[in-house]
Amino acid sequence: MTYLHSIGEYFLMLKGVFGRMTKASVLRNLIFKEINELIMGSLGIVAFLSFFIGAVVAIQTALNLNNPLIPKSLVAYAARQSVILEFAPTFISIIMAGKVGSFITSSIGSMRVTEQIDALEVMGINSKNYLIFPKITAMLTYPFVIAISMFLGIAGAYCAAVFGGFVTSDQFLTGLQDDFNGFHLTYAFIKTFLFAFILATVPAYHGYYMKGGALEVGEASTTSFVWTSVVLIVTNYAVTQLLLS
Amino acid sequence: MIQVKNLHKAFNNQEVLKGIDYTFERGKTNLIIGQSGSGKSVFLKCMLGLFKADKGTIEYDGKPYSTFSDEEQRELRTEMGMLFQGGALFDSMTVEENVMFPLKMFTKQKKSDMLSRVHEVLERVNLEGNGNKMPSEISGGMQKRVAIARAIVNKPKYLFCDEPNSGLDPQTATVIDNLIQDLTHENDITTVLITHDMNSVLEIGERIAFLKDGKLAWKGTKEEIFQTEDETVTDFVYSSNLFQKVREAQLKGL
């Protein structure tokens, strides 16, 4: 029953988010601020992780290719497929659930604890729209982060595979283009958009409806990370089943 | 003026407000006092529209809140100023931005006009020159004064204060009390103030409502509160040493 109540409350929150809109000029500034905090602020860690994940995938694949009948270019093929299909969109989103999700929950939760949300409501401002809508809009730029992640992941794989002496540059580039299916990119970006929405709204829900004090803000952030990850994984499964199987 | 008639509110079948009738007068500081759990904050939140009353009406200048359209409700809220217990300043904004916030949201004024109004109210609360500081960089008393400045910047008709003195030293508390009273008189505002602080009752209690177990147990002025023989009130009021001494002095005819 508690879960059903929470799900209902989440959708009611979404209805409120798209309800009475905040003044456009104020909203525009909030969106830019959120893009800066949520997206630009995450580029460093995303770039770092993507590069090294791509590198590790390449090394692992290369080390497991013992059969001389399997072409070395498979290292690039495997790196490309894993990075585009899963590592960039899903793995990075889980990382973002920890970074961006916790930030969203704790910032909204702190506002709840310190009565700043009540202050907005008393002033006649739709607090759900004011606080959550800019985050959802900012997260629409999240696919750019994933695109960067894909590029750097493959770049990392190239560096590890070529400079590590596992394959030649030509072999890597051949494997990278081998049997390329454009729809895999479409699939990756469709799920990235869905993940972006989840990353903005599930943590916002946990922050907005939290009760208690500073300790509960911390608990809400942890719960938010767990539930955001769960929803991401389930959505990933559903989208994969629908689009790829 | 705010008139409350037969106000009821319950949470999970537990009745918190049990039929309150009271009138908050314009141009006066109307204090609500009572023990913790007596329903003061719920009463205030009902008046602010944060809680919906189960029964009864709240009339703002003669018009029941329940008959307000959505647009009228929004307009009414722009006429309300609220001073929260902790100040509730937006911690990502500077003092100036905090005070300017209601103007930015609800008016179409030019930035220069908004800034001049912000500086005017900051000067009124003795905070000129602090506009660029963040809330975390100023003291608790200053934060309360910024919150007052934000509450009055849009020239509200109704000012609500939830324990404005909590956590402040007696001197700063008196400054805040007097500031609220002066602003109430200067701008002819209907001020509703919740307090536990008996000093505030002595300082600014022009009209006092005493709540007990969700009911209005007593009402009167700060002068009358010393004369009452009502035990429910005296038990609460004379638990304060200060009031005991005032009472003793009165009895001695000092």
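**A walk through chains A and B**

In chain A, 87% of the contacts with a separation of 6 or more join residues that lie 24 or more positions apart. Keep in mind as we go that this is a predicted model.

Let us stay with chain A for a moment. Its secondary structure is quick to describe: 10 helices and zero strands. Read from the N terminus, the elements run α-α-α-α-α-α-α-α-α-α. The C-alpha trace of chain A spans about 70 × 40 × 35 Å along its principal axes, and 41% of the 245 residues in the chain are buried.

The UniProt record, an unreviewed entry, adds another layer to chain A. It gives the annotation "transmembrane region" to residues 38–63, 83–104, 144–167, 187–205 and 225–244. Two of these spans are worth finding in the model. Residues 38–63 of chain A are 88% helix and 0% strand, with 37 Å between the end C-alpha atoms. Residues 144–167 of chain A are 83% helix and 0% strand, and here the end C-alpha atoms are 30 Å apart.

Now turn to chain B, where strands come into the picture. UniProt, again in an unreviewed entry, places the feature "domain: ABC transporter" at residues 2–238 of this chain. That span is 40% helix and 26% strand, and its end C-alpha atoms lie 29 Å apart.

A good place to start in chain B is an open sheet of four strands, which has the order 2-1-4-5 and antiparallel pairing. Strand 2 (14–24) and strand 5 (63–64) of chain B form its edges, each pairing on one side only. In general, strands of a sheet pair through backbone hydrogen bonds, either parallel or antiparallel. Strand 1 (residues 2–11) of chain B pairs with strand 2 of chain B in the antiparallel sense, over eight bridges. To see how the two line up, look for B:Gln3, which stands opposite B:Thr23 in strand 2 of chain B.

Stepping back, how is chain B divided into domains? Domain 1 takes in 2–79 + 157–251, and domain 2 covers 90–155. Taken over C-alpha atoms, the centres of these two domains of chain B are separated by 26 Å. Where they meet, 11 residues of domain 1 of chain B are in contact with 10 residues of domain 2 of chain B. Helix 6 (residues 170–187) of chain B gives the largest share of the domain 1 side, six residues. By class, the residues on that side of domain 1 of chain B are seven nonpolar, four polar and no charged.

Next comes helix 3 of chain B. Its buried residues include B:Val95, B:Glu96, B:Asn98, B:Val99, B:Met100, B:Phe101 and B:Pro102. Within chain B, the buried residues of helix 3 pack against helix 4 (111–124) and helix 5 (140–152).

Helix 3 also brings us to the place where the two chains meet. How many residues of chain B are in contact with chain A? There are 14, and they touch 12 residues of chain A. On the chain B side, the elements that give two or more residues are helix 2 (70–78), strand 6 (80–83) and helix 3 (95–106). That side of chain B has nine nonpolar, two polar and three charged residues. Helix 3 of chain B thus appears twice in our tour, with buried residues that pack against helix 4 and helix 5 of chain B and with residues on the side that touches chain A.

Terms used:
Residues numbered from 1 in each chain as written. Chains lettered and ligands numbered in written order. Predicted model: local features only at pLDDT ≥ 70, side-chain atom pairs only at ≥ 80, totals over all residues. UniProt positions renumbered as here; feature names shortened; annotations may be inferred. Pairing = 2+ DSSP bridges. Buried ≥ 20, exposed ≤ 12 C-beta atoms within 10 Å, placed from the backbone. Contact = placed C-beta atoms within 7 Å. Nonpolar A, V, L, I, M, F, W, Y, C, P; charged D, E, K, R; others polar. Domains from an automatic or database assignment.
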